[in-house]
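User: I am new to this structure. Please take a close look at one loop, then show me how it fits into the rest of the chain.

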Amino acid sequence: YQRRVHGVFEEENILDNVAARGQQLFDGLSHMVKEQGYPICEVRGKGLMISAQFDFEIPAGTAAAVCQAALRRGMLVLTSSKYEVLRFMPALNISEEELQMGMDILKQSLDEVLQGKRTTPRLEKVCCPSPCSGQKQCRTRLVEQ
């Protein structure tokens, strides 16, 4: 059974697709922050397991509201963590077009929930809410001007 699964992964170039679509998702989310001003302070993950954490100033329940808005549009997005985090785990064989459609749905869902609460993009280096202990937890985040 493992050999058949491995064979399908090779025949359909699943791992190459995961790398390419993961980069597409990561880049798309990063673009939404840097160029479009969505209040997301961190995009993290690997492959097609990517998450986006909202700024700490965003009210509790924002991530859940975005998930509900996306679900009404036919896309499943999960929440994660005690913070306001969206978690994405699309199918390993998702196409470039399908992923772009998902990004469009996400943008519509964010626009519905945030209702214009975007900022002029400006990035600065900040640390996590708790002391870093020197563990490289600092990151670039979007801040309002």
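Analyst:
**A close look at one loop**

Ser81 sits in the loop between β3 and β4. Keep in mind that the model is predicted. The phi angle of Ser81 is near 80 degrees, a positive value in a residue other than glycine.

Now move along to Tyr83. The search for aromatic pairs gives a count of one. Its members are Phe56 and Tyr83, with ring centres 5.6 Å apart. Their planes stand at 75 degrees, and the cut-off for edge-to-face is over 60, so the pair is edge-to-face. The contact links distant parts of the chain: Tyr83 is in the loop between β3 (78-80) and β4 (85-88), while Phe56 is in the loop between β2 (49-54) and α3 (62-72). The two residues are 27 apart in sequence.

Are these two rings buried or exposed? Neither word fits fully. Tyr83 has a relative accessibility of 34%, so it counts as partly exposed. Phe56, at 31%, is partly exposed too.

Step back to the whole chain. It holds four helices and six strands. Their order along the sequence is α-α-β-β-α-β-β-α-β-β. The chain has 145 residues, and 38% of them count as buried.

After the loop comes β4, which helps to line a pocket. The largest pocket has a volume of about 300 Å³. Its lining takes in 15 residues, and Met75, Leu76, Phe88, Met89 and Pro90 lie nearest its centre. Both β4 and α4 (96-114) supply at least two residues of that lining. Helix α4 gives the most, with five residues.

Helix α4 also takes part in salt bridges. The whole structure has four of them. Glu112 pairs with Arg72, and their closest N and O atoms are 2.3 Å apart. This bridge links distant parts of the chain, from Glu112 in helix α4 to Arg72 in helix α3, 40 residues apart. Arg72 is exposed, with a relative accessibility of 56%. Glu112 is partly exposed at 31%.

Another bridge joins Lys107 to Asp111, with the closest N and O atoms 3.3 Å apart. Lys107 and Asp111 are four residues apart in helix α4, so about one helical turn separates them. Lys107 is partly exposed at 29% relative accessibility, and Asp111 is partly exposed at 29% as well. Salt bridges that share partners also tie Arg72, Arg73 and Glu112 into one network.

One more bridge connects Arg44 and Glu42, with the closest N and O atoms 2.7 Å apart. Arg44 has a relative accessible area of 27% and is partly exposed. Glu42 is partly exposed at 22%.

Finally, return to the positive phi value of Ser81. Asn13 has a positive phi as well, near 50 degrees, and is not a glycine. Asn13 is in the loop between α1 (2-11) and α2. At 44% relative accessibility, Asn13 is partly exposed.

Next to look at is Leu15, in helix α2 (residues 14-34). Leu15 has a relative accessible area of 60%, above the cut-off of 50%, so it is exposed. Leu15 joins Tyr1, Val5, Phe9 and Leu92 in a nonpolar patch on the surface. Together these residues have about 520 Å² of accessible area.

Terms used
Residues numbered from 1 in each chain as written. Predicted model: local features only at pLDDT ≥ 70, side-chain atom pairs only at ≥ 80, totals over all residues. Heavy atoms only, no water. Patch = residues over 30% accessible without salt bridge, like charges linked within 9 Å, V, L, I, M, F, W, Y side chains within 5 Å. Areas by Shrake-Rupley, 256 points an atom, 1.4 Å probe, with all protein chains shown as cover. Salt bridge = Lys/Arg side-chain N within 4 Å of Asp/Glu carboxyl O. Buried < 20%, exposed > 50% of the residue type's maximum accessible area, 1.4 Å probe, protein only. Phe/Tyr/Trp six-rings, centres within 6.5 Å; stacked < 30°, edge-to-face > 60°. 1 Å grid on protein atoms, 1.4 Å probe; cavity = no way out; pocket = protein on both sides within 12 Å on 5 of 7 lines; lining within 4 Å. Points joined across faces, edges and corners; volume = space filled by probe spheres on them.
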